[in-house]
Amino acid sequence: MRNHASAWRDFVQGRTGFTFARASLYGFFVLAVVSWLYILVGADSGFGDLLSSRAWNNAGGFLRQLLGLEDGLTGEGRPAFLQLDRWGETGRLAYETLMMSVLAIGLAGLGVLLTFLPAARNVSNGELGGRPSAVMGAIYHVLRIFFAFTRAVPELVWAMVIVFFLSPGILPGAIALALHNYGIVGKLSAEVVENMDPGPARALRSAGAGNLQMLAYGIIPQSMPHFLTYLLYRWEVVIRTTVVVGFVSAGGLGREFRLSLSFFQYTDVALIILWYLILVLGVDLISAFLRRMVRTG
Amino acid sequence: MIWTGNPKIRSLARFFEARWFLSIVLVGVFLWSLTGVDWNGSIVHSGGGSSFKDFSLGLFPPELSPGFMKLAIIASWQTVVHAVAGMTLAVIIGLPLGVVASGSLGNPSRSRLAIAVVVRFVLAFMRSIHELVWAVLFVAAFGLSSLAAVMAIAVPYAGMLGRIYSEVLNDVPEGPLDGLRSAGGSSFSVLVYGRMPMAITDMLSYSFYRFECAIRAAAIMSFVGIRGLGFEIQLSLNDLLFGEVWTLLFFLFGLVLLVDYWSTRVRRSLDS
Amino acid sequence: MRLTNDIAGQESNCSNAEAPLVDGRGIGKSFGTLMALAPLDISIGAGERVALAGPSGSGKSTLLYLLAGLVPPDRGELILDSQPVAGLQPGKELSEAVGLIQQQLDLVPQLPVIQNVLAGRLGQWGILRSLASLFSARERKSVEVVLSRLGVADKIDEPTSHLSGGEQQRVAIARLMIQAPKVLLADEPVSSLDPARAEEILRLLTGLVADTGGAMVASLHSPDLIREHFTRVIGLRHGILQFDIPARELTSTVLEALYDLDREPED
């Protein structure tokens with residue numbers, strides 16, 4: 001390894017190999033300066049408020065109301081998070097939110113299972129067996145573009161669109177989340193197949209396996225652990241996003257969050273945030289446990 | 001492995017420890033989640049079917065008039081601007097927090113480790129809350145403005161960056177660091193001359209990856225009234241102008257693709 | 001080169017009268033501009049155990065892949081079990097003719113041992129039976145028998161990745177035993193093993209060949225092992241055939257010349 005004091009100097013002075021990265025860093029720096037100028041100069045940026053004590057007083061008031069230290073406009077008396085029945089009511093919504101996240105991940109996983117194999121270049125062009133065909137090549141490209149498109153659009157935007165045709169509830173939100181995560185997990189799973197060690201598949205061939213048998217005995221068992229791991233990681237992200245999607249799709253904690261905010265019931269907001277953190281922690285723990293089970297085969 | 005003589009018990013035991021059991025449980029959980037949907041009510045609301053048809057037809061062709069394209073480009077720019085501002089703040093906040101959380105600043109001591117643990121919790125809290133939830137909170141606190149959007153991206157992303165930065169700094173090989181220490185370096189110089197150069201490529205790599213996510217985050221800040229692609233999509237949806245919606249979706253797609261491509265090239269150049 | 005009647009290796013079949021199991025005439029293979037294997041003739045009859053010797057890159061693996069029917073020869077004709085290799089259906093027919101064990105073993109790590117072993121049957125099973133077997137293994141008994149012969153019967157349901165390297169090698173051999181091809185091919189089966197283990201593995205393989213009355217081709221480096229377990233040895237260097245002699249005629253000088261680092265490749 002190089003001497004690292006000189007490595008640092010080299011990097012700053014530009015004598016290292018990664019020219020494109022360095023150029024990008026400078027480019028990003030320029031972009032950052034321009035962006036900040038655009039924001040600060042623009043009207044209504046809000047940053048001027050940081051200097052005013054009024055804004056900080058408002059913020060402080062908001063925080064105090066959140067913590068139940070100060071009564072808001074509604075003058076509710078006891079903060080929501082100290083009332084047991086409120087815990088129960090919000091808990092039911094948390095349960096609904098949990099369901100929505102599981103439904104979303106399940107739908108995404110189902111979609112990926114059905115389509116990740118043709119989306120792998122070495123399956124569709126026949127490297128792993130079979131003859132390349134124009135149809136399979138076309139399917140490969142269509143799927144990859146579909147992955148990229150569903151991935152690029154944020155879940156909330158999908159939700160906004162879907163709510164136009166489906167009634168509010170947990171389903172539109174779940175589908176929106178499923179679409180976005182389908183693109184992510186689909187691309188990753190197809191890449192797993194593309195990067196896979198061809199040895200075992202080849203050995204199965206020489207043992208006499210045909211294409212379908214090779215998929216079933218070789219490719220799918222090797223890609224399943226990765227697929228499940230990605231899916232479980234995404235579940236952790238989905239549970240955080242489910243609340244947000246609920247703003248639009250009117251399901252679970254999200255809807256209640258929005259309502260409580262608009263009615264200035266800030267201690268309810270705090271209670272919802274607490275349940276939200278419980279959900280997030282719970283899902284993180286379960287996901288870690290399941291991922292460990294997957295890893296040890 | 002239960003190795004009994006009775007083949008019936010053996011096969012039962014095998015059934016439970018097999019991966020099949022896990023799969024059945026997972027399928028069962030998925031089916032449970034389906035029960036949460038109100039299948040009795042109308043899934044597709046009245047007019048939903050025709051809306052879907054209109055929406056699908058809006059793709060052929062999407063809105064391509066020069067006036068609208070100009071609007072879409074401006075909206076894209078606004079999205080980029082907020083994403084970049086949020087990212088820069090995220091790095092400015094996340095880097096020092098990450099350094100402290102890695103425990104590599106200052107001399108080894110119990111208090112330093114305790115502070116590191118506290119900072120880790122803070123970072124975890126920051127990133128547990130979704131950027132839009134932060135946005136709503138910031139708007140409630142400071143009012144509707146770019147500040148809310150930028151902070152709403154900066155805070156959770158600082159949490160994510162800080163956590164990765166601290167892990168990368170810790171994963172650095174100890175050998176060269178020992179060399180610096182024995183050459184008489186103070187712990188600060190070990191950090192700057194030793195850890196940082198070895199860690200910086202991974203840190204840059206992850207930061208550029210996060211930037212792509214920041215674009216998406218900025219797009220949905222429309223929800224708190226920040227102009228950008230999300231805002232325009234909302235407007236066009238409300239006016240039922242589905243051709244416009246598709247155009248904006250494609251702009252979003254293109255923007256994300258562009259940043260993704262840039263980010264991938266940067267990471268490839270760093271790996272070499 | 002002719003069929004060699006090596007009495008030491010002769011099994012019960014009268015391999016004299018039968019057509020050779022492997023008959024290659026002028027088979028060669030190039031990858032782009034690199035000639036991995038210069039055209040050569042090779043003929044192997046039932047009961048023969050052929051060792052392939054030569055330094056790395058001499059074409060041993062390429063020859064084994066050609067004999068396994070995994071890659072088609074660029075030149076020449078290869079006839080396996082009286083059928084041209086191109087005409088052999090990949091699947092049932094090919095897997096009954098030849099079977100290959102690689103140095104990296106190439107088992108599927110996530111599958112339990114029993115499934116990896118039963119993969120040897122895939123050439124005979126249709127797609128439905130193969131899929132059904134993934135859920136509930138058929139022919140469990142025969143797998144148990146084979147695994148106990150190899151001393152790893154207790155691992156039958158373990159995920160294969162949990163086994164040690166030596167145990168995994170036995171699983172690979174078990175798969176071959178289930179597949180029971182006429183010609184057994186092995187790419188460096190003992191190169192990373194200590195002498196005692198190497199002995200054991202070679203004894204298992206030669207026993208398998210004796211049971212089926214087929215033939216074996218394996219690449220390895222040790223002259224002692226070659227002389228003890230094989231009937232014939234073929235030397236390759238830079239893709240060119242150097243010699244094809246009965247195993248007992250192999251001397252250390254011949255082998256040294258084969259591996260000599262200083263010699264230039266001959267044309």
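This is a tutorial dialogue on reading the features of a predicted model.

Trainee: Before we look at any geometry, what ipTM and pTM does the predictor give the complex?

Mentor: Since this is a predicted model, that's a fair place to start. The complex comes with an ipTM of 0.78 and a pTM of 0.80.

Trainee: And for a single chain, say chain C, what is the mean pLDDT?

Mentor: Chain C has a mean pLDDT of 82, and 91% of its residues reach 70 or more. Then go element by element: strand β8 (residues 215-219) of chain C has the highest mean, 92, and strand β5 (residues 83-84) of chain C the lowest, 79. Also check the ends. Over residues 1-16 of chain C, pLDDT stays under 50, and the model has 32 contacts beyond four places in sequence for that stretch.

Trainee: Now the folds. How many helices and strands are there in chain A?

Mentor: Chain A has 12 helices and 0 strands. As for burial, 45% of the 297 residues of chain A count as buried. Then ask how far apart in sequence the contacting residues are: among contacts in chain A with a separation of 6 or more, 73% are between residues 24 or more positions apart.

Trainee: Take one helix of chain A, then. How many residues of helix α7 (residues 155-162) are buried?

Mentor: Here's the general idea first. An α-helix has 3.6 residues a turn, so residues three or four places apart point the same way. In helix α7 of chain A, 8 of the 8 residues are buried, so this helix is largely enclosed by the rest of the structure. The buried set includes E155(A) as well as W158(A) and I162(A).

Trainee: What covers the buried residues of α7(A)?

Mentor: The cover draws on two chains. It includes α8 (170-194) and α10 (211-249) of chain A, together with α6, α9 and α10 of chain B.

Trainee: That brings us to the contact between chains A and B. How many residues does each chain give?

Mentor: Chain B gives 61 residues and chain A gives 58. On the chain B side, the elements that give two or more residues include α2 (19-34), α9 (187-220) and α11 (242-271). The largest share comes from α11(B), with 10 residues. Sorted by class, that side of chain B has 40 nonpolar, 18 polar and 3 charged residues.

Trainee: Where should I look for the nonpolar core?

Mentor: In soluble globular proteins, nonpolar side chains tend to be buried together. In this model, the largest nonpolar core has 230 residues, and A135(B), I153(B) and V117(C) touch the most other members. The element giving the most to this core is α10(A), with 17 residues. A second, separate core has 5 residues, including L180(B) and Y193(B).

Trainee: Leaving aside its neighbours within four places in sequence, what is I153(B) in contact with?

Mentor: Its partners include H82(B), E131(B) and A214(B).

Trainee: Let me try a residue too. Is V168(B) buried or exposed?

Mentor: V168(B) lies in helix α7 of chain B. The cut-off for burial is 20 or more C-beta neighbours within 10 Å, and V168(B) counts as buried because it has 20. Beyond four places in sequence, V168(B) is in contact with A199(B), D202(B) and M203(B). You can also pair V168(B) with R195(B): they are 27 residues apart in sequence and 9.1 Å apart in space, C-alpha to C-alpha.

Trainee: Last one: sheets. In what order do the 4 strands of the open sheet in chain C run?

Mentor: Strands of a sheet pair through backbone hydrogen bonds, either parallel or antiparallel. In this case the order is β2-β1-β4-β5, with antiparallel pairing. β2 (34-44) and β5 of chain C are at the edges, each with a single partner strand, so one side of each has no neighbour in the sheet. Between strand β1 (residues 22-31) and β2 of chain C there are 7 bridges, and I27(C) has L40(C) as its bridge partner. Helix α1 (residues 60-67) of chain C packs on this sheet, touching β1, β2 and β4 (75-80), and its direction makes about 125° with that of β1(C).

Trainee: And which strands form the open sheet with mixed pairing?

Mentor: That sheet has 6 strands, ordered β6-β7-β8-β3-β9-β10 in chain C. Its edge strands are β6 (98-101) and β10 (240-246), and the twist averages 15° from one strand to the next. β6(C) and strand β7 (residues 183-186) of chain C run parallel, joined by 4 bridges, with I101(C) opposite A186(C).

Notes
Residues numbered from 1 in each chain as written. Chains lettered and ligands numbered in written order. Predicted model: local features only at pLDDT ≥ 70, side-chain atom pairs only at ≥ 80, totals over all residues. Contact = placed C-beta atoms within 7 Å. Nonpolar A, V, L, I, M, F, W, Y, C, P; charged D, E, K, R; others polar. Buried ≥ 20, exposed ≤ 12 C-beta atoms within 10 Å, placed from the backbone. pLDDT = per-residue confidence, 0-100. Core = buried A, V, L, I, M, F, W, Y, C linked by C-beta atoms within 7 Å. Pairing = 2+ DSSP bridges. Axes fitted to C-alpha atoms, helices over the stretch in contact; angles between N-to-C directions.
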